[in-house]
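Q: Please take one part of this model and go through it slowly for me. I'd like the side-chain pairing as well as the packing around it, with the cut-offs spelled out.

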Amino acid sequence: METSTTPQRKTIFSGVQPSGMLTIGNYLGSIKNWKAFEETYDCLYCVVDLHAITVRQDPAMLRRRTYETLALYIASGLDPEKNTLFVQSHVPAHAELSWVLNCYTMFGELSRMTQFKDKSRKYASNINAGLFTYPVLMASDILLYQTDLVPVGIDQMQHIELSRDIAGRFNQIYGDTFTVPEGFIPKAGAKIMSLAEPEKKMSKSDTNGNASVYILDSRDDILRKFKRAVTDSDTVVCRAEGKDGINNLMTIYSAFTGKSDAEIEKEFEGLGYGHFKIAVGETVADALAPVRSEFDRLMADKAYLETVMKNGSAKAAYLARKTLSKVYRKIGFTQPK
Ligand code: AQP
């Protein structure tokens, strides 16, 4: 007799810190790409508030940003019925596994993380232990769900590599426990640069008002920021070394329109930078307008957002607990019935 088995769906995990207003970097590097997975993968998308407190946050603002980030996930197209959407601090297993994995991560490994080095410079008066062990918490987020694929921007790849090393090390000592995850980097938009300093990554916590375009910026603000974007003294719209500002605008335009560099170069041939900047601004503003209006609708319905949070964390907690029990058993912790 022939038996048919349904292949097991693979698992996706990713998240964003509610550490500020989300930028088009966060959007293009991560959340915009998540929807494509919802039909074929088991997807968990988390608002990673535990990560956010590695930098000092105003409590009322953190609370608001947590709702906003969840609302943006949904406004960007994620269906809460098809994806598990939840808040990290609602599932205690993240912090619990993180402690365990701290004991399987080397000081030297964490010292090499470029994000730690960058943030230590940026927040020199608050280089706390959490900032240092941030990548272990991130490994725990991923490994708790036996994640196969982690869609992130390029800046997070070093942390994914470390998660793979931690999983491999644990598996080698105790036998197969964790799925070893792969990073998934989008083709366009994996690293969006600041509009004010195009050699620097665009970040939600940048204090320069012209550096970052936020998903929720008004149309006028978006157009103004793109008009002011730092470029160079050339006038030809083409991708080339040394044209960081124009390269970045081409990347953004391409990520929103799907056009190739050759198509963009042809479209703006002989038109100059001013014309190009207006076109990029209008394209971004048009693409984000429906996200903004859906966001406004969702933020007016806190009860709905809380239902999504509760349902999501119940599903996530169930899966996380299974992995955590396995880990506790393997390392020799007692678990009375
Ligand atoms: N500039 C970017 N281009 C492409 N992707 C980006 N991501 C962040 N910046 C860019 C991706 O967004 C996801 C969520 O990031 P995060 O909130 O976990 O932290 P981050 O990488 O530190 O992002 P920010 O915006 O720079 O936040 P702050 O200022 O708080 O540190 C990740 O997938 C990330 O790769």
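A: Let's start with the term we need: a salt bridge here is a side-chain nitrogen of Lys or Arg within 4 Å of a carboxyl oxygen of Asp or Glu. Keep in mind that this is a predicted model, so local features need pLDDT of at least 70 and side-chain atom pairs count only at pLDDT 80 or more, while totals for chains, interfaces and linings use all residues. Residues are numbered from 1 along each chain as its sequence is written, and side-chain values use heavy atoms, with hydrogens and water left out.

Now to helix 8 and its surroundings. Arg-164 pairs with Glu-182 in a salt bridge, at 3.8 Å from N to O. Arg-164 sits in helix 8 (residues 157-174) and Glu-182 in strand 5 (residues 182-184), so the bridge ties together parts that are 18 residues apart in sequence. (Helices are DSSP runs of H or I with at least four residues, strands are runs of E with at least two, and both are numbered from the N terminus.) How buried or exposed are the two partners? Arg-164 has a relative accessible area of 26% and Glu-182 has 44%, so both count as partly exposed, a class lying between buried (under 20%) and exposed (over 50%), using a 1.4 Å probe and protein chains only.

Helix 8 also packs on helix 7 (residues 129-143): the angle is about 70° and the axes are 9 Å apart. Axes are lines fitted to C-alpha atoms, for helices over the stretch in contact, and angles run from 0 to 180 degrees between N-to-C directions. The two helices are therefore roughly perpendicular, a label for 65 to 115 degrees; under 35 is roughly parallel, over 145 roughly antiparallel, and the rest oblique. Their crossing is right-handed, meaning the near helix is turned clockwise from the far one by less than a right angle.

As for who touches whom (heavy atoms within 4.5 Å), helix 7 brings residues including Tyr-134, Met-138 and Ile-142, and helix 8 answers with, among them, Ile-160, Leu-162 and Ile-166. By class, this contact has 10 nonpolar, two polar and no charged residues. Nonpolar covers Ala, Val, Leu, Ile, Met, Phe, Trp, Tyr, Cys and Pro; charged covers Asp, Glu, Lys and Arg; the others, Gly among them, are polar.

On to helix 6, which packs on helix 7 at about 160°, with axes 9 Å apart. That makes helix 6 roughly antiparallel to helix 7, and this crossing is right-handed too. Gln-115, Phe-116, Lys-119 and Ser-120 of helix 6 meet Leu-131, Phe-132 and Tyr-134 of helix 7. That contact splits into four nonpolar, two polar and one charged residue.

Helix 6 (residues 114-122) has a salt bridge of its own, between Arg-121 and Asp-118, at 3.0 Å from N to O. The partners are three residues apart, so about one helical turn separates them. Arg-121 is exposed at 62%, whereas Asp-118 is partly exposed at 44%.

One last backbone detail: Gln-146, in the loop between helix 7 and strand 4 (149-151), has a positive phi of about 50° although it isn't a glycine. Most residues other than glycine have a negative phi.
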